[in-house]
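Here is a friendly walk through one protein model, from its sheet to the helices that pack on it. Have the viewer open as you read.

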Amino acid sequence: RLSKGRGSPGRRSTASMARNQTPAFALVSLSLAAYAHAFSTISGKTAGLVRPRKALSLMPGLRSHSTTQSRVSTRSFPAAARTARPLMMSTPTTTTGVDWNKELLIDSPDNNVTPYISNLVGRDLHLVKGHPLNIIKTKIEDYFCNRDAAFERKDSLNPVVTPEQCFDDLLIPLDHQTRRFSDTYYLDSTRLLRTHTSAHQTELLRAGSTKFLCTGDVYRRDEIDASHYPAFHQMEGVKIMDELTGMTDRDAWVPTCEADLKSHLEGMIDSIFGPVQKRWIEAYFPFTDPSYELEIFFNDEWLEVLGCGIIQQPILDKCDMSTKHGWAFGLGLERLAMVLFDIPDIRLFWSEDKRFLKQFKDGQITKFQPYSKYPPCYKDIAFWLPEGWEENNFAELVRNVAGDIVESVSLIDKFDNPKKGKTSHCYRINYRAMDRSLTNEEVDALQEQIRQQSTSTLSVELR
């Protein structure tokens, strides 16, 4: 979710803004409890992030928001709803045999799940043998389980969780952006689609699991480009170290826990990428202390590959583990797969085209060979922004109308009119299907739907 340099510029030419756009395949990805995309600026200050050199990020964490960009919807749920009730009895505990349209598209004023999203839930790409995501998942699991057979594999947990599981249990502040209606898919005020697999951490710890790898699909309202998709896959790893039980002197047990964490993760990375140069970067997450990012030197550049750290003691206290200590890490499967398989567009993971799927075999990492490149079709839309404008809502509207034939949506011009006290945005929508050429007629029809719905549902004033 990292989108560096995406502030709120003054008026600039279209050409100037286009030159300064972050490349679509920027490979920003998913970190430990990855929905922590703005934790570096909690309370309006930098939280001690140290970077010796700028690295290409494989993590969405630590997004830096400018003051102007922070004009997001402040809608939040009542305090009583934040300490959520348990899941309703109708909510399944696994993803097997579920009618997700029935479960997710419910009649609630707080429901913002769309048919587009509900149709993605239950696809379970991480469980499909021979799929790039399953290949990466299996390699990571095999490494940990071969090193320690006590590691459990958890990969079919229900993606519907409570705010308590997703946020409160992980010490994420009540006013943090990740909880907002503009960023997260809510079924109602007490249930949501998990934004990270860390949402199951306390659930599994309370159930008695002390060494586990939890993998699943996660959901986030997000921008549209080749490296962002509203559904993606993460793996959360946790280890509680029995040998540290009862130790109270942090200076004594933290170095041991940290060494064990780094040893496991460095070994895991070598098992996937081969021997590579690595470096550890101090980071900040609310749920671990100390916290780190692991970077590797791969394809002639530094890449962030995961986030990790020592689990905060208050989290363990709530799980009746006040005398225990352990570590956790999180990573995104899509971004690792994009690097390892040379897959240029995140939409491809959801493709059912045999020309894509037949290129991969279970247990093997093979480079993706593009089978076609259909021409793009660009359409621009400009409008005056309403009060409380939230860009994610526009991206969601575009997805709902045009689906996966939209490759990207980018802001190409911004104009502030001081006399009117209004701001205008111009967005460029790039239509490009992955399996066929589009006709001008169908693109024009989609663009007109987007124009009409933008005025009727987002209250913009077209220019």
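Two strands are taken to pair if DSSP finds at least two bridges between them. With that in hand, look at strand β6 (residues 231–240) and strand β10 (residues 326–332): seven bridges join them, and the two run antiparallel. In this pair, isoleucine 240 of β6 stands opposite glycine 326 in β10. Please keep in mind that the model is a predicted one.

**The whole protein**

The protein has 463 residues, and 59% of them count as buried. Its secondary structure comprises 13 helices and 14 strands. Among the contacts with a separation of 6 or more, 73% are between residues 24 or more positions apart. The exposed surface comes to about 18,900 Å², and carbon and sulfur atoms supply 49% of that area.

**The seven-stranded sheet**

β6 and β10 belong to an open sheet of seven strands with mixed pairing, in the order β1-β5-β6-β10-β9-β8-β7. Which strands stand at the edges? They are β1 (152–154) and β7; each has a single partner strand, so one side of each is left without a neighbour in the sheet. On average, neighbouring strands of this sheet are turned by 25° against each other, direction ignored.

The β7 end of the sheet is built from hairpins. A hairpin of two residues links β7 to β8, and another, also with two residues between its strands, links β8 to β9. In the turn of the β8–β9 hairpin, asparagine 299 has a positive phi of about 55°. Strand β8 (residues 288–298) is mostly covered, with nine of its 11 residues buried.

The pairings in this part of the sheet can be set beside the one above:

| Strands | Bridges and direction |
|---|---|
| β6 (231–240) and β10 (326–332) | seven bridges, antiparallel |
| β7 (277–285) and β8 | eight bridges, antiparallel |
| β8 and β9 (301–311) | nine bridges, antiparallel |

To register the strands residue by residue, start from lysine 278, which stands opposite isoleucine 296 in β8. On the other pairing of β8, threonine 288 stands opposite isoleucine 311 in β9.

**Helices on the sheet**

Helix α5 lies across β1, β5 (211–219), β6 and β10, and runs at about 165° to β5. Helix α8 also packs on the sheet, where it touches β6, β7, β8, β9 and β10; the direction of α8 makes about 25° with that of β8.

How do these helices meet? Two packed helices are described by the angle between their axes and the distance between the axes. For α5 (residues 132–147) and α8 (residues 250–273), the axes come within 9 Å and cross at roughly 130°. The two helices are therefore oblique to each other, and α5 passes α8 in a right-handed crossing. On the α5 side, the contact is made by Ile140, Tyr143, Phe144 and Arg147; on the α8 side, the contributors include His264, Leu265, Met268 and Ile272.

α5 has another helix partner, α10. Here the axes are 9 Å apart and the packing angle is about 100°, which makes α5 roughly perpendicular to α10. In this contact, Pro132, Leu133, Ile135, Ile136, Lys137 and Ile140 of α5 meet Leu333, Glu334, Leu336, Ala337, Leu340 and Phe341 of α10. Ile140 therefore appears in both the α8 contact and the α10 contact of α5.

Is helix α10 (residues 333–341) covered or uncovered? It is mostly covered: nine of its nine residues are buried, and these include the charged residues Glu334 and Arg335. The helix is followed by aspartate 342, which has a positive phi near 60°.

**Two residues to compare**

Lysine 361 is found in the loop between α11 (354–357) and β11 (377–384). With a relative accessibility of 52%, lysine 361 counts as exposed, because the cut-off for that class is over 50%. Beyond its neighbours up to four places away in sequence, lysine 361 touches Gly130 and Ile135. The C-alpha atom of lysine 361 is separated by 8.2 Å from that of lysine 129, although their positions lie 232 residues apart along the chain.

Serine 454, by contrast, sits in helix α13 (residues 440–458). Is serine 454 buried or exposed? Its relative accessible area is 0%, so serine 454 is buried. Leaving out residues up to four places away in sequence, serine 454 touches Ile381, Phe394, Leu397, Ser459 and Val460.

How values were computed:
Residues are numbered from 1 along each chain as its sequence is written. This is a predicted model: local features need pLDDT of at least 70, side-chain atom pairs count only at pLDDT 80 or more; totals for chains, interfaces and linings use all residues. Side-chain values use heavy atoms; hydrogens and water are left out. Helices (H or I, at least four residues) and strands (E, at least two) are DSSP runs, numbered from the N terminus. Buried means under 20% relative accessible area, exposed over 50%, partly exposed in between (1.4 Å probe, protein chains only). Contact means heavy atoms within 4.5 Å. Accessible areas come from the Shrake-Rupley method with a 1.4 Å probe; for residues, only the protein chains shown count as cover. Axes are lines fitted to C-alpha atoms, for helices over the stretch in contact, and angles run from 0 to 180 degrees between N-to-C directions. Angles under 35 degrees count as roughly parallel, over 145 as roughly antiparallel, 65 to 115 as roughly perpendicular and the rest as oblique. A crossing is left-handed if the near helix is turned anticlockwise from the far one by less than a right angle, and right-handed if clockwise.
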